[in-house]
Amino acid sequence: MAALVFFALLAIVLYLTAATALARPLLSGGQPLNRSALLLAGTAVAIHAGTLLSVHRGSLDLHFFSALSLVACVVSALTLVVNIWRPVAALGVIVFPLTALLLALDTFAAPVTTPLALEWQIKLHVTVALFAFSVLSIAAALAILLAVQERALRHRQFGPWLRALPPLTLTETLLFRLIGAGFLLLTLTLLTGVLFVDNLFGQHLMHKTVLSIIAWVVFGTLLYGRWRHGWRGRSAVNLTLVGMGVLLLAFFGTKAVLELILHRTP
């Protein structure tokens with residue numbers, strides 16, 4: 001147990017160090033992407049994943065804090081992939097400290113839990129849902145970044161950090177590509193849920209399903225508006241954040257009420 005705590009602390013320190021290294025050039029107007037910082041973050045993700053596998057014995061633990069830590073690990077891993085594909089250093093500045101916080105909560109504040117036995121169909125459904133939520137989480141972080149960029153340009157606040165960020169059009173294009181990928185994964189999540197999950201009422205899953213469908217409609221509407229009417233800017237940001245907010249309630253809002261308030265296990 002002491003070894004797991006040590007590795008969790010090491011991952012936390014590496015996440016925070018990576019975020020600091022990525023933030024420094026943004027504040028000074030220097031090189032916008034620090035490869036050494038991404039290497040630190042990649043090491044943190046590997047240690048984080050190894051810690052999760054060790055603690056939960058290679059199983060999917062879907063209890064509140066464990067699920068948050070798992071999602072944070074996947075989001076950080078996808079953030080690294082995004083930065084290799086299209087450098088957006090500011091994304092790591094947002095994601096990595098939040099991942100460090102959620103890992104710390106899972107390590108030091110969460111009660112001891114035991115993973116539930118899941119059939120392969122449910123594991124497939126959960127895995128697809130995990131990636132859908134993670135991809136759309138990154139899209140939401142990009143939407144916040146896009147809103148900050150637009151506001152700064154509108155008010156002519158040309159600080160060093162703004163010059164270090166990618167062009168607005170690049171951020172917007174990446175945002176919609178992520179939303180498209182997340183929408184496809186969310187569609188697969190709903191389909192596998194219909195096919196594989198039984199007794200929605202008995203498992204307290206109906207409200208989660210309804211909220212997920214609402215989020216699916218919001219993101220679908222946004223993609224249609226982008227394709228048909230060229231929606232962008234504030235409309236894109238607002239709908240992205242609304243959809244992500246509903247999805248957050250679906251995945252973790254109901255889970256928080258059940259486990260932390262009503263003290264019921266999933």
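Helices here are DSSP runs of H or I with at least four residues. With that in hand, the predicted model can be read against its record. The unreviewed UniProt entry annotates "transmembrane region" at residues 33-55, 62-82, 88-112, 124-148, 174-197, 209-227 and 239-262. Take residues 174-197: this span is 96% helix and 0% strand, and its end C-alpha atoms sit 33 Å apart. Residues 209-227 come out at 100% helix and 0% strand, with 27 Å between the end C-alpha atoms.

Helix H2 runs over residues 35-55, and a quick check on its length works out nicely. At 1.5 Å a residue, its 21 residues should span 30 Å, and the end C-alpha atoms are indeed 30 Å apart. Several residues of H2 are buried, among them Ala37, Leu38, Ala41, Ala44, Val45 and His48. As a general point, an α-helix has 3.6 residues a turn, so residues three or four places apart point the same way.

Helix H1 covers residues 2-28 and includes Phe7. Phe7 joins Phe6 and Leu10 in a nonpolar surface patch, with about 270 Å² of accessible area together. Phe7 itself has a relative accessible area of 39%, so it counts as partly exposed, between the 20% and 50% cut-offs.

Then there are the aromatic pairs, eight of them in total. In one, the rings of Phe6 and Phe7 have centres 5.4 Å apart and planes at 70 degrees, which makes the pair edge-to-face. Phe64 and Phe65 also pair edge-to-face, at 5.1 Å centre to centre and 80 degrees between the planes. Phe64 is buried at 11% relative accessible area, and Phe65 counts as buried at 18%. Both belong to one aromatic cluster with Phe133, Phe251 and Phe252.

Notes:
Residues numbered from 1 in each chain as written. Predicted model: local features only at pLDDT ≥ 70, side-chain atom pairs only at ≥ 80, totals over all residues. Heavy atoms only, no water. Helix = DSSP H or I, 4+ residues; strand = E, 2+ residues; numbered from the N terminus. Expected span 1.5 Å × (residues − 1). Buried < 20%, exposed > 50% of the residue type's maximum accessible area, 1.4 Å probe, protein only. Patch = residues over 30% accessible without salt bridge, like charges linked within 9 Å, V, L, I, M, F, W, Y side chains within 5 Å. Areas by Shrake-Rupley, 256 points an atom, 1.4 Å probe, with all protein chains shown as cover. Salt bridge = Lys/Arg side-chain N within 4 Å of Asp/Glu carboxyl O. UniProt positions renumbered as here; feature names shortened; annotations may be inferred. Phe/Tyr/Trp six-rings, centres within 6.5 Å; stacked < 30°, edge-to-face > 60°.
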